[in-house]
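Biologist: I am new to this structure. Could you show me how to read its features, one at a time?

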Amino acid sequence: MEGKMTDSYVCIDLETTGLNPKRDKIIEIGAVRVERGEIIEEWETFVNPGRKLPERIVELTGIHDGELADAKPIGEILPPFLSFLGEDVLLGHSVLFDFSFLKKAAVNEKLTFERQGIDTLKIARKYLQDLESRSLGALCRHYKISHSAHRALGDARATAALYGRLAEEFCEKEEAAGEKSLFRPKQLIYRTKRDTPLTIAQKEQLYKLLDRHKLIVNYEVESLTRSEASRVIDQLLAAYGR
């Protein structure tokens, strides 16, 4: 393959309860380690988010609450997963999205997580502007890449294959940009603060409100952060009173 490019990396993909790393949670992690353009190792796991999945996420991913019930929480999964990643470059389709969720989870667990990454979406947006969509699914159809959509490991495998096809077609041309080349890893930056758990007083108030008004909720009270608990309490008080 002509030109300089990164051909050893870990391609990552996450399924989540939503799009906001400050509020939503990881439910599945998929990753493939690639060396010299070949997949040599894979990682796949469900993650218990501590809340009921939104129906739209069930429809999108096919993942159900029952599949997550016995999964470990992110706090137990993150250390071995970060060990799997090592210091390798991360590859992803909109890689900052996946990095932001992992960074948020790491900060919450008081772990350091800094990486460089390459984004196949940015490459596609630059060179494949004539396509109606540059989504992973659309690009896989364009290049006839086998793809199990909206499941973490399937998306990670497909993204690694997509990167290879993009490199074959555009890497040499892109290398004229030197260090600015989209095929060279760049530092991933997502700034976030650690969530603090709900207080004992908040927990007691929440349980009393739920019991008093005979309410069934789609989250685990114990998993709420202080800010989430405050928001939920305000909503309950506004809707049902004390």
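Modeller: Start with burial. A residue is buried when its relative accessible area is under 20%, exposed when over 50%, and partly exposed in between. E174 has 2% relative accessibility, so E174 counts as buried. Keep in mind that this is a predicted model.

Biologist: What does E174 form a salt bridge with?

Modeller: The partner is K126, and the closest N and O atoms are 2.7 Å apart. The two residues come from distant parts of the chain. K126 sits in helix α5 (residues 120-127), E174 in helix α7 (residues 152-174), and 48 residues separate them. K126 is partly exposed, at 41% relative accessibility.

Biologist: How many salt bridges does the structure hold?

Modeller: It holds 13. One of them joins the side chains of D88 and R33, at 3.1 Å from N to O. D88 is in the loop between α3 (74-85) and β4 (90-92), while R33 is in strand β2 (residues 26-35), so this pair ties together parts 55 residues apart in sequence.

Biologist: Is R33 buried or exposed?

Modeller: R33 is buried, with a relative accessible area of 10%. Its partner D88 is partly exposed, at 28% relative accessibility.

Biologist: What about a salt bridge inside a single helix?

Modeller: Look at E168 and R165. Their closest N and O atoms are 3.9 Å apart. The cut-off for a salt bridge is 4 Å, so the pair counts. Both residues lie in helix α7, 3 residues apart, which means about one helical turn separates them. E168 is exposed, at 56% relative accessibility. R165 is partly exposed, with a relative accessible area of 32%.

Biologist: Which residues are joined into one network by salt bridges that share partners?

Modeller: R33, E41 and D88.

Biologist: Now the strands. How should I read the side chains along one?

Modeller: In a regular strand, side chains alternate between the two faces of the sheet. Then check how well the strand is covered. In β2, 9 of the 10 residues are buried, so the strand is mostly covered.

Biologist: Which strands pair with β2?

Modeller: Strand β1 (residues 9-16) pairs with β2 in the antiparallel sense, over 8 bridges. Strand β3 (residues 38-46) and β2 are also antiparallel, over 8 bridges. Follow V34 in β2 to see both pairings. V34 is the bridge partner of Y9. V34 also stands opposite I39 in β3.

Biologist: How many residues lie between β2 and β3 in their hairpin?

Modeller: There are 2. Look at R36 in that turn: R36 has a positive phi of about 50°.

Biologist: Last feature. How do I look for disulfides?

Modeller: Check the distance between cysteine sulfur atoms. A disulfide needs a pair within 2.5 Å. By this rule the count here is 0.

Biologist: Why does C140 form no such bond?

Modeller: The closest cysteine sulfur to that of C140 is in C11, and it is 10 Å away, too far for a bond. C140 is buried, at 2% relative accessibility.

Biologist: How far is the sulfur of C171 from the closest cysteine sulfur?

Modeller: The distance is 16 Å, again to C11, and that is too far for a bond. C171 counts as buried, at 0% relative accessibility.

How values were computed: Residues are numbered from 1 along each chain as its sequence is written. This is a predicted model: local features need pLDDT of at least 70, side-chain atom pairs count only at pLDDT 80 or more; totals for chains, interfaces and linings use all residues. Side-chain values use heavy atoms; hydrogens and water are left out. Helices (H or I, at least four residues) and strands (E, at least two) are DSSP runs, numbered from the N terminus. Buried means under 20% relative accessible area, exposed over 50%, partly exposed in between (1.4 Å probe, protein chains only). Two strands pair if DSSP finds at least two bridges between them.
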